[in-house]
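Visitor: I have a structure open and want to talk through its charged side chains. Can we go through it step by step?

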Amino acid sequence: MSFLKSLESRIAGLVEGTFSRVFRSEVRPVEIARKLAREMEEHQATSVSRTYVPNEYRVYLSTRDRARFADYEDALAAELGAYLLEHARRERFALLSQPVIEFETDERLGLGEFGIQTRVVSPADAPVEEREDAGHTMVYSTAARVASPLQEEAAARDQRALLIVDGRRVVIGSSGATIGRSRQSDVVIDDPNVSRRHAEVKARGGAWVLTDLGSTNGSTLNGRRINHPEVIQPGDEIEIGTSVITFELE
């Protein structure tokens with residue numbers, strides 16, 4: 001069993017089996033592990049005889065993703081640190097100390113997005129020249145994973161989809177469609193609870209995405225109000241005002 005698979009198995013135990021369920025867009029711990037290893041590899045500093053890599057990693061999560069990890073955050077940080085230590089040993093990287101993982105919340109991040117900031121932090125007795133300031137924060141998203149089931153199907157059908165509302169079937173292309181009360185909208189809904197430009201459905205990165213356009217009363221996807229762009233799949237129901245719109249692929 002690879003170390004990454006072993007890590008996944010141990011994390012599964014931490015969350016009492018919930019890790020194995022199908023997440024739609026939330027951050028998965030193993031995805032964080034992979035990106036941490038990538039950041040380690042991309043922030044190498046070579047000296048005369050050694051290749052140093054960061055030993056401090058700050059992981060920024062959205063409010064909702066951070067809440068999911070709250071009950072086992074310390075244990076998860078320890079597991080991720082152990083994974084990075086093993087990765088450094090395999091790649092023959094030098095560390096000034098064991099890797100330290102810290103989690104923080106960044107409200108600017110959406111569900112499924114996370115940022116990683118790396119630093120080389122020297123022990124108190126290390127030479128000053130070995131210290132390094134924090135690097136830039138690299139932001140990752142689970143969008144590619146979430147989009148993959150749709151990507152092949154959408155491409156095969158030339159990026160055309162259907163919005164079904166009040167018996168009407170509106171075909172939309174990859175340029176997308178706006179939904180609202182305005183007659184200029186692609187899908188017009190005559191409802192005082194609907195804003196003039198209420199929401200938009202558009203192909204993005206191989207997936208179809210629903211975005212609320214700052215409407216007064218908000219948009220709901222499968223009974224859940226959305227606060228940021230959400231990937232949608234065939235059969236999903238979009239509720240705008242008193243209307244329910246079904247999304248399908250043509």
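Visitor: Which residue does glutamate 102 form a salt bridge with?
Guide: Arginine 58. This is a predicted model, and in it the closest N and O atoms of that pair are 3.2 Å apart.

Visitor: Where in the chain do those two sit?
Guide: Glutamate 102 is in strand 4, residues 100-105, and arginine 58 is in strand 3, residues 56-61. They are 44 residues apart, so the pair links distant parts of the chain.

Visitor: And is glutamate 102 buried or partly exposed?
Guide: Glutamate 102 counts as partly exposed, because its relative accessibility is 31%.

Visitor: What about arginine 58 and glutamate 56?
Guide: Those two also form a salt bridge, with the closest N and O atoms 3.9 Å apart. Glutamate 56 has 13% relative accessibility, so it counts as buried.

Visitor: Which residues are in the salt-bridge network?
Guide: Glu56, Arg58, Glu102, Glu104 and Arg119 are linked in it.

Visitor: New topic. What do glutamate 73 and arginine 66 do?
Guide: Their side chains meet in a salt bridge, at 2.6 Å from N to O.

Visitor: Is glutamate 73 buried or exposed?
Guide: Buried, because its relative accessibility is 16% and the cut-off for buried is under 20%.

Visitor: And arginine 66, buried or partly exposed?
Guide: Arginine 66 has a relative accessible area of 22%, so it counts as partly exposed.

Visitor: Last one. How many salt bridges does the structure hold?
Guide: Nine. Among them are the glutamate 102 pair with arginine 58 and the glutamate 73 pair with arginine 66.

Note on methods
Residues numbered from 1 in each chain as written. Predicted model: local features only at pLDDT ≥ 70, side-chain atom pairs only at ≥ 80, totals over all residues. Heavy atoms only, no water. Salt bridge = Lys/Arg side-chain N within 4 Å of Asp/Glu carboxyl O. Buried < 20%, exposed > 50% of the residue type's maximum accessible area, 1.4 Å probe, protein only. Helix = DSSP H or I, 4+ residues; strand = E, 2+ residues; numbered from the N terminus.
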